[in-house]
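Trainee: I would like a close look at one part of this model. Please take me through a single hairpin and whatever it touches.

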Amino acid sequence: MPPRFSKERCNGCPKAKVAPCEAICPLNLLYRDKGEVFIYHEAFCYDCAACVKKCPQKAISLALHPSVALVKGELIYDNGFKFKDLEEE
């Protein structure tokens with residue numbers, strides 16, 4: 001499930017040429033328009049949570065599918081696949 005953006009918390013990072021969430025997205029799915037963040041093609045987001053970790057306003061969250069759990073910084077899928085959490089830069 002794609003990330004969700006809190007309109008109350010997100011300020012669009014107005015001083016940044018490229019917002020941290022935009023810069024970290026491995027598929028370049030995020031964009032800003034008039035101070036709001038949006039996602040292109042939600043179906044392509046694979047829930048890596050990089051944008052969630054990089055948001056300075058803590059305005060992004062993931063609504064994980066019931067078959068996915070976040071355990072000690074790793075996304076664990078019910079088929080046993082593990083997606084390692086991205087390291088802070």
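Mentor: What follows starts at the hairpin of strand 2 and strand 3 and works outward.

This is a predicted model, in which local features need pLDDT of at least 70, side-chain atom pairs count only at pLDDT 80 or more, and totals for chains, interfaces and linings use all residues. Residues are numbered from 1 along each chain as its sequence is written, and side-chain values use heavy atoms, with hydrogens and water left out.

Start with the pairing. Strand 2 covers residues 30–33, runs antiparallel to strand 3 and is joined to strand 3 by four bridges. Strands here are DSSP runs (E, at least two residues), helices are DSSP runs too (H or I, at least four residues), and both are numbered from the N terminus. Two strands pair if DSSP finds at least two bridges between them. D33 has E36 as its bridge partner in strand 3. Two residues sit between the strands of the hairpin, and K34 takes a positive phi near 50°.

Now the faces. Strand 3 spans residues 36–39, and its side chains alternate. V37 and I39 point to one face and are buried. E36 and F38 point to the other and are not buried. The cut-offs are under 20% relative accessible area for buried, over 50% for exposed and in between for partly exposed (1.4 Å probe, protein chains only).

Follow E36 first. E36 is partly exposed, at a relative accessible area of 30%. Its salt-bridge partner is K7, with the closest N and O atoms 3.8 Å apart. The pair links distant parts of the chain: K7 lies in the loop between strand 1 and helix 1 (20–24), E36 in strand 3, 29 residues apart. K7 counts as exposed, at 65% relative accessibility. A salt bridge here is a side-chain nitrogen of Lys or Arg within 4 Å of a carboxyl oxygen of Asp or Glu.

Strand 2 has a contact of this kind as well. R32 forms a salt bridge with E22, the closest N and O atoms being 2.9 Å apart. E22 lies in helix 1 and R32 in strand 2, so the pair ties together parts that are ten residues apart in sequence. E22 counts as buried at 16%, whereas R32 is partly exposed at 24%. The whole structure has three salt bridges.

Turn to V37 on the buried face. V37 helps line the second largest cavity, along with residues including C10, C13, C21, C55 and I60. That cavity holds about 70 Å³ of space. Its lining has nine nonpolar, three polar and no charged residues. By class, Ala, Val, Leu, Ile, Met, Phe, Trp, Tyr, Cys and Pro count as nonpolar, Asp, Glu, Lys and Arg as charged, and the others, Gly among them, as polar. A cavity is a set of points on a 1 Å grid over the protein atoms alone where a 1.4 Å probe fits but cannot get out, and lining residues have an atom within 4 Å of a point. Grid points are joined across faces, edges and corners, and the volume is the space filled by probe spheres set on the points.

Finally, look at the cysteines in that lining. C13 is buried, with a relative accessible area of 16%. Its sulfur is 6.2 Å from the closest cysteine sulfur, in C55, too far for a bond. The structure holds zero disulfides, a disulfide being a pair of cysteine sulfur atoms within 2.5 Å.

Key:
On a 1 Å grid over the protein atoms alone, a cavity is a set of points where a 1.4 Å probe fits but cannot get out, and a pocket is an open set with protein on both sides within 12 Å along at least five of seven lines; lining residues have an atom within 4 Å of a point.
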